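Work through the exercises below with the sequence and the 3D view side by side, and try each task before reading its solution.

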There are 2 protein chains.
Amino acid sequence: MSSRAAQKEQTRRAIVDAALRLSSARGFASVSLRAIAKEANIAPNAFYRHFKDLDDLGLALADQVGLSLRQLVRQARRRVLDAGDGSVVRNSIQMFMEFAENDSDLFRLLLGGGAGASPAFRRAIQLEVKRFTSDLVEDLIREAETSRRPIAHPELAAEAMVTIAFNLGANALDLPSDQRLAVLERIVAEVRIIMRGAEAMAAGWGSPAKD
Amino acid sequence: MSSRAAQKEQTRRAIVDAALRLSSARGFASVSLRAIAKEANIAPNAFYRHFKDLDDLGLALADQVGLSLRQLVRQARRRVLDAGDGSVVRNSIQMFMEFAENDSDLFRLLLGGGAGASPAFRRAIQLEVKRFTSDLVEDLIREAETSRRPIAHPELAAEAMVTIAFNLGANALDLPSDQRLAVLERIVAEVRIIMRGAEAMAAGWGSPAKD
DNA sequence: GACATCGGTGTACGGGTGTGCACCGAAATA
DNA sequence: TATTTCGGTGCACACCCGTACACCGATGTC
(Lines give C-alpha, C1' and ligand atoms only; values in the text may rest on other atoms or scores of the structure.)
Protein backbone atom coordinates (compact mmCIF):
# COMPACT_ATOMS: atom_id res chain seq x y z
CA MET A 1 0.00 0.00 0.00
CA SER A 2 1.18 3.46 -0.76
CA SER A 3 0.75 5.97 2.00
CA ARG A 4 2.26 8.53 -0.33
CA ALA A 5 -0.25 8.18 -3.13
CA ALA A 6 -3.12 7.75 -0.71
CA GLN A 7 -2.46 11.06 0.98
CA LYS A 8 -2.08 12.76 -2.36
CA GLU A 9 -5.44 11.47 -3.46
CA GLN A 10 -6.89 12.61 -0.19
CA THR A 11 -5.88 16.24 -0.55
CA ARG A 12 -6.88 16.14 -4.19
CA ARG A 13 -10.31 15.18 -3.03
CA ALA A 14 -10.19 17.97 -0.47
CA ILE A 15 -9.48 20.46 -3.24
CA VAL A 16 -12.32 19.17 -5.42
CA ASP A 17 -14.75 19.20 -2.51
CA ALA A 18 -13.70 22.68 -1.48
CA ALA A 19 -14.17 23.94 -5.03
CA LEU A 20 -17.58 22.32 -5.17
CA ARG A 21 -18.61 23.89 -1.89
CA LEU A 22 -17.51 27.36 -2.92
CA SER A 23 -18.92 27.10 -6.44
CA SER A 24 -22.44 26.45 -5.26
CA ALA A 25 -22.94 30.04 -4.18
CA ARG A 26 -21.79 32.08 -7.15
CA GLY A 27 -20.64 29.57 -9.70
CA PHE A 28 -17.33 27.96 -10.44
CA ALA A 29 -16.18 30.87 -12.58
CA SER A 30 -16.18 33.26 -9.64
CA VAL A 31 -14.06 31.16 -7.30
CA SER A 32 -10.40 31.95 -6.86
CA LEU A 33 -7.54 29.55 -6.53
CA ARG A 34 -6.59 31.08 -3.22
CA ALA A 35 -10.10 30.75 -1.83
CA ILE A 36 -10.18 27.09 -2.79
CA ALA A 37 -6.79 26.52 -1.17
CA LYS A 38 -7.94 28.18 2.04
CA GLU A 39 -11.17 26.16 2.09
CA ALA A 40 -9.13 22.98 1.62
CA ASN A 41 -6.66 23.95 4.36
CA ILE A 42 -3.84 24.06 1.89
CA ALA A 43 -1.21 26.59 0.94
CA PRO A 44 -2.15 28.18 -2.38
CA ASN A 45 0.94 26.78 -4.05
CA ALA A 46 0.10 23.20 -3.15
CA PHE A 47 -2.76 23.47 -5.60
CA TYR A 48 -0.29 23.12 -8.46
CA ARG A 49 0.84 19.73 -7.23
CA HIS A 50 -2.57 18.42 -8.27
CA PHE A 51 -3.90 20.60 -11.05
CA LYS A 52 -2.20 22.61 -13.75
CA ASP A 53 -4.89 25.26 -13.85
CA LEU A 54 -8.25 26.27 -12.56
CA ASP A 55 -9.46 25.03 -15.93
CA ASP A 56 -7.87 21.70 -15.16
CA LEU A 57 -9.79 21.56 -11.90
CA GLY A 58 -12.90 22.44 -13.87
CA LEU A 59 -12.52 19.36 -16.01
CA ALA A 60 -12.18 17.23 -12.90
CA LEU A 61 -15.39 18.76 -11.57
CA ALA A 62 -17.16 18.05 -14.84
CA ASP A 63 -15.99 14.45 -14.58
CA GLN A 64 -17.50 14.12 -11.17
CA VAL A 65 -20.73 15.63 -12.42
CA GLY A 66 -20.86 13.02 -15.15
CA LEU A 67 -20.16 10.29 -12.65
CA SER A 68 -23.03 11.40 -10.47
CA LEU A 69 -25.38 11.62 -13.45
CA ARG A 70 -24.59 8.11 -14.61
CA GLN A 71 -25.14 6.83 -11.11
CA LEU A 72 -28.49 8.59 -11.15
CA VAL A 73 -29.47 6.90 -14.40
CA ARG A 74 -28.49 3.49 -13.09
CA GLN A 75 -30.46 3.86 -9.87
CA ALA A 76 -33.48 5.26 -11.65
CA ARG A 77 -33.56 2.29 -14.02
CA ARG A 78 -33.29 -0.11 -11.15
CA ARG A 79 -36.04 1.61 -9.23
CA VAL A 80 -38.39 1.61 -12.19
CA LEU A 81 -37.74 -2.05 -12.92
CA ASP A 82 -38.07 -3.12 -9.29
CA ALA A 83 -41.53 -1.89 -8.48
CA GLY A 84 -44.19 -0.81 -10.94
CA ASP A 85 -45.92 1.42 -8.43
CA GLY A 86 -46.69 4.92 -9.55
CA SER A 87 -45.88 6.48 -12.88
CA VAL A 88 -42.50 6.15 -14.52
CA VAL A 89 -42.36 9.88 -15.13
CA ARG A 90 -43.07 10.90 -11.57
CA ASN A 91 -40.73 8.31 -10.12
CA SER A 92 -37.87 9.35 -12.37
CA ILE A 93 -38.23 13.05 -11.74
CA GLN A 94 -38.66 12.53 -8.04
CA MET A 95 -35.43 10.58 -7.99
CA PHE A 96 -33.77 13.29 -10.02
CA MET A 97 -34.81 15.91 -7.49
CA GLU A 98 -33.59 13.79 -4.60
CA PHE A 99 -30.24 13.48 -6.27
CA ALA A 100 -30.15 17.19 -6.90
CA GLU A 101 -30.88 17.94 -3.26
CA ASN A 102 -28.29 15.53 -1.92
CA ASP A 103 -25.50 16.58 -4.24
CA SER A 104 -26.85 20.10 -4.50
CA ASP A 105 -23.38 21.54 -5.03
CA LEU A 106 -22.79 19.33 -8.03
CA PHE A 107 -26.17 20.04 -9.52
CA ARG A 108 -25.81 23.75 -9.10
CA LEU A 109 -22.80 23.48 -11.35
CA LEU A 110 -24.87 21.56 -13.82
CA LEU A 111 -27.68 24.08 -13.68
CA GLY A 112 -25.49 26.97 -14.46
CA GLY A 113 -24.43 25.05 -17.52
CA GLY A 114 -21.05 26.56 -16.91
CA ALA A 115 -22.27 30.00 -17.90
CA GLY A 116 -19.57 32.56 -17.42
CA ALA A 117 -16.87 29.95 -17.15
CA SER A 118 -14.15 28.97 -19.56
CA PRO A 119 -15.22 27.43 -22.88
CA ALA A 120 -13.48 24.17 -21.98
CA PHE A 121 -15.45 23.84 -18.77
CA ARG A 122 -18.69 24.74 -20.50
CA ARG A 123 -18.11 22.17 -23.21
CA ALA A 124 -17.35 19.50 -20.64
CA ILE A 125 -20.55 20.18 -18.73
CA GLN A 126 -22.65 20.24 -21.87
CA LEU A 127 -21.13 16.95 -22.94
CA GLU A 128 -22.21 15.31 -19.70
CA VAL A 129 -25.72 16.64 -20.16
CA LYS A 130 -25.76 15.26 -23.69
CA ARG A 131 -24.74 11.83 -22.43
CA PHE A 132 -27.53 11.95 -19.90
CA THR A 133 -29.97 12.84 -22.64
CA SER A 134 -28.80 9.89 -24.72
CA ASP A 135 -29.52 7.58 -21.81
CA LEU A 136 -32.97 9.05 -21.53
CA VAL A 137 -33.57 8.42 -25.23
CA GLU A 138 -32.82 4.75 -24.68
CA ASP A 139 -35.26 4.60 -21.81
CA LEU A 140 -37.96 6.36 -23.79
CA ILE A 141 -37.62 3.91 -26.66
CA ARG A 142 -37.57 0.89 -24.41
CA GLU A 143 -40.57 2.11 -22.44
CA ALA A 144 -42.43 2.79 -25.68
CA GLU A 145 -41.85 -0.77 -26.80
CA THR A 146 -42.84 -2.49 -23.59
CA SER A 147 -45.92 -0.33 -23.10
CA ARG A 148 -46.86 -0.54 -26.78
CA ARG A 149 -47.24 3.20 -27.01
CA PRO A 150 -44.94 4.28 -29.83
CA ILE A 151 -43.27 7.60 -29.46
CA ALA A 152 -42.24 10.08 -32.14
CA HIS A 153 -38.95 11.96 -32.19
CA PRO A 154 -37.55 10.40 -29.02
CA GLU A 155 -34.33 12.44 -29.28
CA LEU A 156 -36.18 15.73 -29.45
CA ALA A 157 -38.56 14.76 -26.71
CA ALA A 158 -35.69 13.69 -24.49
CA GLU A 159 -33.80 16.91 -25.11
CA ALA A 160 -36.87 18.92 -24.23
CA MET A 161 -37.47 16.94 -21.05
CA VAL A 162 -33.90 17.22 -19.88
CA THR A 163 -33.79 20.93 -20.60
CA ILE A 164 -36.93 21.52 -18.59
CA ALA A 165 -35.99 19.29 -15.70
CA PHE A 166 -32.53 20.80 -15.36
CA ASN A 167 -33.69 24.38 -15.65
CA LEU A 168 -36.65 24.23 -13.34
CA GLY A 169 -34.75 21.91 -11.03
CA ALA A 170 -31.94 24.38 -10.74
CA ASN A 171 -34.51 27.02 -10.11
CA ALA A 172 -35.96 24.95 -7.31
CA LEU A 173 -32.65 24.48 -5.55
CA ASP A 174 -32.59 28.00 -4.16
CA LEU A 175 -36.19 27.87 -3.05
CA PRO A 176 -37.36 27.04 0.46
CA SER A 177 -37.98 23.32 0.66
CA ASP A 178 -41.72 23.74 1.12
CA GLN A 179 -41.99 25.18 -2.36
CA ARG A 180 -39.83 22.58 -4.01
CA LEU A 181 -42.63 20.07 -4.11
CA ALA A 182 -44.66 22.46 -6.22
CA VAL A 183 -41.81 22.84 -8.67
CA LEU A 184 -41.47 19.08 -8.89
CA GLU A 185 -45.14 18.84 -9.77
CA ARG A 186 -44.67 21.47 -12.46
CA ILE A 187 -41.77 19.55 -13.96
CA VAL A 188 -43.78 16.35 -13.92
CA ALA A 189 -46.74 18.06 -15.59
CA GLU A 190 -44.61 19.61 -18.32
CA VAL A 191 -42.76 16.39 -19.03
CA ARG A 192 -46.11 14.65 -19.35
CA ILE A 193 -47.22 17.22 -21.90
CA ILE A 194 -44.14 16.38 -23.93
CA MET A 195 -44.77 12.64 -23.56
CA ARG A 196 -48.33 13.03 -24.68
CA GLY A 197 -47.29 15.16 -27.62
CA ALA A 198 -44.69 12.67 -28.82
CA GLU A 199 -47.18 9.83 -28.48
CA ALA A 200 -49.90 11.78 -30.25
CA MET A 201 -47.57 12.45 -33.13
CA ALA A 202 -46.60 8.81 -33.39
CA ALA A 203 -50.27 7.86 -33.41
CA GLY A 204 -51.01 10.38 -36.11
CA TRP A 205 -53.46 12.17 -33.87
CA GLY A 206 -54.11 15.87 -34.29
CA SER A 207 -53.65 18.40 -37.00
CA PRO A 208 -50.94 18.29 -39.55
CA ALA A 209 -52.94 21.13 -41.09
CA LYS A 210 -51.95 24.44 -39.57
CA ASP A 211 -49.99 24.83 -36.42
CA MET B 1 -32.77 72.04 -24.41
CA SER B 2 -30.37 70.76 -21.81
CA SER B 3 -26.91 70.03 -23.09
CA ARG B 4 -26.02 69.04 -19.57
CA ALA B 5 -28.59 66.26 -19.16
CA ALA B 6 -28.16 65.13 -22.74
CA GLN B 7 -24.45 64.51 -22.34
CA LYS B 8 -25.08 62.73 -19.06
CA GLU B 9 -27.56 60.42 -20.72
CA GLN B 10 -25.07 59.84 -23.49
CA THR B 11 -22.26 58.61 -21.28
CA ARG B 12 -24.78 56.58 -19.30
CA ARG B 13 -25.65 54.82 -22.49
CA ALA B 14 -21.96 54.39 -23.23
CA ILE B 15 -21.55 52.64 -19.89
CA VAL B 16 -24.51 50.35 -20.45
CA ASP B 17 -23.36 49.47 -23.95
CA ALA B 18 -19.83 48.83 -22.79
CA ALA B 19 -21.09 46.55 -20.02
CA LEU B 20 -23.25 44.71 -22.52
CA ARG B 21 -20.36 44.25 -24.89
CA LEU B 22 -18.04 42.93 -22.21
CA SER B 23 -20.68 40.72 -20.59
CA SER B 24 -21.35 38.76 -23.74
CA ALA B 25 -18.07 36.89 -23.48
CA ARG B 26 -17.99 35.65 -19.90
CA GLY B 27 -21.17 36.92 -18.32
CA PHE B 28 -22.01 40.07 -16.44
CA ALA B 29 -20.75 38.68 -13.16
CA SER B 30 -17.19 38.48 -14.39
CA VAL B 31 -16.90 42.04 -15.62
CA SER B 32 -15.12 44.62 -13.50
CA LEU B 33 -16.07 48.21 -12.97
CA ARG B 34 -12.69 49.30 -14.23
CA ALA B 35 -12.98 47.28 -17.41
CA ILE B 36 -16.38 48.79 -18.12
CA ALA B 37 -15.02 52.28 -17.52
CA LYS B 38 -12.13 51.66 -19.89
CA GLU B 39 -14.41 50.24 -22.56
CA ALA B 40 -16.63 53.31 -22.23
CA ASN B 41 -13.64 55.69 -22.38
CA ILE B 42 -14.32 56.95 -18.92
CA ALA B 43 -12.31 57.31 -15.74
CA PRO B 44 -13.32 54.58 -13.30
CA ASN B 45 -14.62 57.14 -10.85
CA ALA B 46 -17.03 58.66 -13.34
CA PHE B 47 -19.00 55.43 -13.13
CA TYR B 48 -20.37 56.49 -9.75
CA ARG B 49 -21.97 59.60 -11.28
CA HIS B 50 -24.42 57.27 -13.00
CA PHE B 51 -24.73 54.12 -10.95
CA LYS B 52 -24.39 53.43 -7.27
CA ASP B 53 -23.06 49.93 -7.76
CA LEU B 54 -22.34 47.25 -10.27
CA ASP B 55 -25.59 45.78 -8.99
CA ASP B 56 -27.29 49.01 -9.89
CA LEU B 57 -25.92 48.74 -13.42
CA GLY B 58 -27.17 45.16 -13.47
CA LEU B 59 -30.72 46.32 -12.85
CA ALA B 60 -30.42 48.79 -15.70
CA LEU B 61 -29.24 45.98 -17.95
CA ALA B 62 -32.15 43.81 -16.87
CA ASP B 63 -34.49 46.69 -17.71
CA GLN B 64 -33.09 46.89 -21.19
CA VAL B 65 -33.46 43.15 -21.59
CA GLY B 66 -37.12 43.44 -20.64
CA LEU B 67 -37.58 46.31 -23.07
CA SER B 68 -36.15 44.27 -25.89
CA LEU B 69 -38.31 41.28 -25.02
CA ARG B 70 -41.51 43.31 -25.01
CA GLN B 71 -40.58 44.79 -28.34
CA LEU B 72 -40.07 41.27 -29.63
CA VAL B 73 -43.53 40.22 -28.45
CA ARG B 74 -45.13 43.25 -30.08
CA GLN B 75 -43.46 42.66 -33.42
CA ALA B 76 -44.17 38.95 -33.39
CA ARG B 77 -47.87 39.59 -32.78
CA ARG B 78 -47.98 42.09 -35.61
CA ARG B 79 -46.20 39.76 -37.97
CA VAL B 80 -48.50 36.85 -37.19
CA LEU B 81 -51.62 39.01 -37.63
CA ASP B 82 -50.38 40.59 -40.83
CA ALA B 83 -49.84 37.57 -43.00
CA GLY B 84 -51.06 34.05 -42.40
CA ASP B 85 -48.31 32.48 -44.39
CA GLY B 86 -46.44 29.68 -42.76
CA SER B 87 -47.00 28.31 -39.29
CA VAL B 88 -47.39 30.49 -36.25
CA VAL B 89 -44.86 28.45 -34.36
CA ARG B 90 -42.16 28.64 -36.99
CA ASN B 91 -42.72 32.33 -37.62
CA SER B 92 -42.53 33.19 -33.93
CA ILE B 93 -39.40 31.21 -33.24
CA GLN B 94 -37.74 32.48 -36.37
CA MET B 95 -38.40 36.01 -35.24
CA PHE B 96 -37.09 35.14 -31.80
CA MET B 97 -33.86 33.89 -33.28
CA GLU B 98 -33.49 36.98 -35.43
CA PHE B 99 -33.89 39.12 -32.37
CA ALA B 100 -31.39 37.03 -30.50
CA GLU B 101 -28.84 37.39 -33.29
CA ASN B 102 -29.27 41.13 -33.63
CA ASP B 103 -29.11 41.91 -29.92
CA SER B 104 -26.89 38.94 -29.25
CA ASP B 105 -25.23 40.67 -26.32
CA LEU B 106 -28.55 41.21 -24.62
CA PHE B 107 -29.71 37.68 -25.23
CA ARG B 108 -26.52 36.18 -23.98
CA LEU B 109 -27.29 37.86 -20.69
CA LEU B 110 -30.75 36.35 -20.80
CA LEU B 111 -29.41 32.93 -21.61
CA GLY B 112 -27.08 32.85 -18.71
CA GLY B 113 -30.11 33.57 -16.56
CA GLY B 114 -27.77 35.64 -14.48
CA ALA B 115 -26.01 32.54 -13.22
CA GLY B 116 -23.13 33.46 -10.98
CA ALA B 117 -24.31 37.02 -10.60
CA SER B 118 -25.82 38.78 -7.63
CA PRO B 119 -29.21 37.57 -6.43
CA ALA B 120 -30.78 40.92 -7.29
CA PHE B 121 -29.61 40.71 -10.87
CA ARG B 122 -30.71 37.10 -11.18
CA ARG B 123 -34.16 37.91 -9.84
CA ALA B 124 -34.51 40.81 -12.25
CA ILE B 125 -33.62 38.68 -15.24
CA GLN B 126 -35.93 35.87 -14.16
CA LEU B 127 -38.75 38.38 -13.72
CA GLU B 128 -38.38 39.55 -17.30
CA VAL B 129 -38.46 35.98 -18.52
CA LYS B 130 -41.60 35.42 -16.49
CA ARG B 131 -43.27 38.42 -18.07
CA PHE B 132 -42.37 37.10 -21.48
CA THR B 133 -43.90 33.75 -20.57
CA SER B 134 -47.09 35.47 -19.48
CA ASP B 135 -47.36 37.16 -22.84
CA LEU B 136 -46.91 33.81 -24.53
CA VAL B 137 -49.71 32.36 -22.41
CA GLU B 138 -52.02 35.05 -23.71
CA ASP B 139 -51.08 34.25 -27.26
CA LEU B 140 -51.55 30.54 -26.77
CA ILE B 141 -55.03 31.05 -25.36
CA ARG B 142 -56.03 33.48 -28.09
CA GLU B 143 -54.69 31.23 -30.79
CA ALA B 144 -56.51 28.27 -29.28
CA GLU B 145 -59.79 30.17 -29.42
CA THR B 146 -59.50 31.44 -32.97
CA SER B 147 -58.32 28.11 -34.32
CA ARG B 148 -60.87 26.19 -32.25
CA ARG B 149 -58.19 23.87 -30.96
CA PRO B 150 -58.44 24.06 -27.20
CA ILE B 151 -55.23 23.77 -25.26
CA ALA B 152 -54.62 22.29 -21.82
CA HIS B 153 -52.37 23.84 -19.17
CA PRO B 154 -51.37 26.88 -21.23
CA GLU B 155 -49.14 28.22 -18.45
CA LEU B 156 -47.16 25.01 -18.19
CA ALA B 157 -46.91 24.65 -21.94
CA ALA B 158 -45.74 28.24 -22.27
CA GLU B 159 -43.14 27.79 -19.54
CA ALA B 160 -41.84 24.68 -21.25
CA MET B 161 -41.66 26.40 -24.61
CA VAL B 162 -39.86 29.44 -23.28
CA THR B 163 -37.40 27.33 -21.35
CA ILE B 164 -36.54 25.32 -24.41
CA ALA B 165 -36.34 28.26 -26.79
CA PHE B 166 -34.12 30.27 -24.47
CA ASN B 167 -31.81 27.39 -23.64
CA LEU B 168 -31.32 26.01 -27.10
CA GLY B 169 -31.29 29.53 -28.51
CA ALA B 170 -28.52 30.52 -26.19
CA ASN B 171 -26.75 27.37 -27.18
CA ALA B 172 -27.07 28.34 -30.81
CA LEU B 173 -25.58 31.78 -30.32
CA ASP B 174 -22.06 30.49 -30.01
CA LEU B 175 -22.38 28.18 -32.97
CA PRO B 176 -21.27 28.97 -36.51
CA SER B 177 -24.18 30.51 -38.36
CA ASP B 178 -24.51 27.56 -40.73
CA GLN B 179 -25.48 25.35 -37.83
CA ARG B 180 -27.94 27.78 -36.32
CA LEU B 181 -30.61 26.89 -38.80
CA ALA B 182 -30.53 23.30 -37.62
CA VAL B 183 -30.95 24.43 -34.01
CA LEU B 184 -33.89 26.57 -35.03
CA GLU B 185 -35.51 23.55 -36.60
CA ARG B 186 -34.93 21.57 -33.43
CA ILE B 187 -36.57 24.27 -31.35
CA VAL B 188 -39.52 24.39 -33.72
CA ALA B 189 -39.92 20.64 -33.60
CA GLU B 190 -39.79 20.48 -29.83
CA VAL B 191 -42.22 23.32 -29.39
CA ARG B 192 -44.58 21.52 -31.74
CA ILE B 193 -44.37 18.42 -29.60
CA ILE B 194 -45.44 20.49 -26.64
CA MET B 195 -48.26 22.09 -28.64
CA ARG B 196 -49.49 18.72 -29.74
CA GLY B 197 -49.31 17.37 -26.21
CA ALA B 198 -51.29 20.24 -24.75
CA GLU B 199 -53.91 19.93 -27.47
CA ALA B 200 -54.12 16.16 -27.06
CA MET B 201 -54.69 16.59 -23.34
CA ALA B 202 -57.42 19.12 -23.92
CA ALA B 203 -59.08 16.77 -26.38
CA GLY B 204 -58.88 13.92 -23.93
CA TRP B 205 -56.79 11.89 -26.33
CA GLY B 206 -54.34 9.34 -25.10
CA SER B 207 -53.82 7.40 -21.94
CA PRO B 208 -54.68 8.60 -18.50
CA ALA B 209 -53.86 5.00 -17.59
CA LYS B 210 -50.18 4.59 -16.89
CA ASP B 211 -47.52 7.06 -17.90
C1' DG C 1 -21.06 88.83 -14.42
C1' DA C 2 -20.73 86.26 -9.84
C1' DC C 3 -21.92 81.95 -7.97
C1' DA C 4 -23.47 77.19 -7.52
C1' DT C 5 -23.92 72.73 -9.69
C1' DC C 6 -22.03 68.62 -11.18
C1' DG C 7 -19.86 65.32 -14.69
C1' DG C 8 -15.24 64.04 -15.19
C1' DT C 9 -10.17 63.42 -13.81
C1' DG C 10 -5.80 61.89 -11.30
C1' DT C 11 -3.86 60.13 -7.30
C1' DA C 12 -3.71 56.91 -3.69
C1' DC C 13 -5.08 53.32 -0.37
C1' DG C 14 -5.75 48.57 1.18
C1' DG C 15 -6.72 44.20 -0.28
C1' DG C 16 -7.19 40.13 -3.39
C1' DT C 17 -5.25 37.68 -7.47
C1' DG C 18 -2.16 34.09 -9.95
C1' DT C 19 2.20 32.26 -9.69
C1' DG C 20 7.60 31.79 -9.46
C1' DC C 21 11.33 30.60 -6.19
C1' DA C 22 13.82 28.41 -2.49
C1' DC C 23 13.19 25.42 1.00
C1' DC C 24 11.60 21.61 4.40
C1' DG C 25 10.65 16.94 5.91
C1' DA C 26 8.72 12.54 5.39
C1' DA C 27 8.04 8.64 2.41
C1' DA C 28 10.14 5.76 -1.27
C1' DT C 29 14.15 3.78 -3.23
C1' DA C 30 18.73 2.10 -3.42
C1' DT D 1 21.57 3.61 6.04
C1' DA D 2 22.38 7.14 2.33
C1' DT D 3 19.96 9.25 -1.42
C1' DT D 4 16.24 10.62 -4.19
C1' DT D 5 11.50 11.95 -4.73
C1' DC D 6 7.84 14.95 -3.99
C1' DG D 7 3.72 17.03 -1.47
C1' DG D 8 3.52 21.05 1.17
C1' DT D 9 5.13 25.77 2.96
C1' DG D 10 6.42 30.89 3.24
C1' DC D 11 7.88 34.75 0.91
C1' DA D 12 7.76 37.87 -2.81
C1' DC D 13 6.36 39.96 -7.05
C1' DA D 14 3.49 42.42 -10.23
C1' DC D 15 -1.05 43.18 -11.36
C1' DC D 16 -6.12 44.23 -10.95
C1' DC D 17 -9.80 45.36 -7.97
C1' DG D 18 -13.35 48.86 -5.68
C1' DT D 19 -13.50 53.26 -4.09
C1' DA D 20 -12.36 57.60 -1.14
C1' DC D 21 -10.38 62.23 -1.71
C1' DA D 22 -9.39 66.66 -3.69
C1' DC D 23 -9.73 69.05 -7.66
C1' DC D 24 -10.98 71.09 -12.44
C1' DG D 25 -13.89 73.32 -15.80
C1' DA D 26 -17.95 73.80 -18.41
C1' DT D 27 -22.97 74.37 -17.85
C1' DG D 28 -26.90 76.26 -15.57
C1' DT D 29 -28.91 79.82 -12.24
C1' DC D 30 -29.51 84.17 -10.02
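**Exercise 1.** Find the contact between the side chain of Asn45(B) and a base nitrogen of DNA strand D, and state the distance.

*Solution.* An N or O atom in the side chain of Asn45(B) lies 2.6 Å from a base nitrogen of DNA strand D, and a polar contact here is a pair of N or O atoms within 3.5 Å. The model is predicted, with local features needing pLDDT of at least 70 and side-chain atom pairs pLDDT 80 or more, while totals for chains, interfaces and linings use all residues. Residues are numbered from 1 along each chain as its sequence is written, chains are lettered from A and ligands numbered from 1 in the order written, and side-chain values use heavy atoms, without hydrogens and water.

**Exercise 2.** Which parts of Leu33(B) and Tyr48(B) approach a phosphate oxygen of DNA strand D?

*Solution.* For Leu33(B), start at the backbone, where an N or O atom is 2.7 Å from a phosphate oxygen of the strand. For Tyr48(B), turn to the side chain, where an N or O atom is likewise 2.7 Å from a phosphate oxygen.

**Exercise 3.** Describe the protein surface near DNA strand D, where near means having a heavy atom within 4 Å.

*Solution.* First, list the closest of the 20 residues around the strand, which are Asn45(A), Arg49(A), His50(A), Ser32(B) and Arg34(B). Next, sort the surface residues by type, which gives 7 nonpolar, 7 polar and 6 charged (Asp, Glu, Lys and Arg count as charged; Ala, Val, Leu, Ile, Met, Phe, Trp, Tyr, Cys and Pro as nonpolar; the others, Gly among them, as polar). Finally, look at the DNA side: of the strand's atoms within 4 Å of the protein, 54% belong to sugar or phosphate and the rest to bases.

Methods
A residue is near a molecule or strand if one of its heavy atoms lies within 4 Å of it. A polar contact is a pair of N or O atoms within 3.5 Å; within protein, one must be able to donate a hydrogen and the other to accept it, and residues adjacent in sequence count only if both atoms are side-chain atoms.
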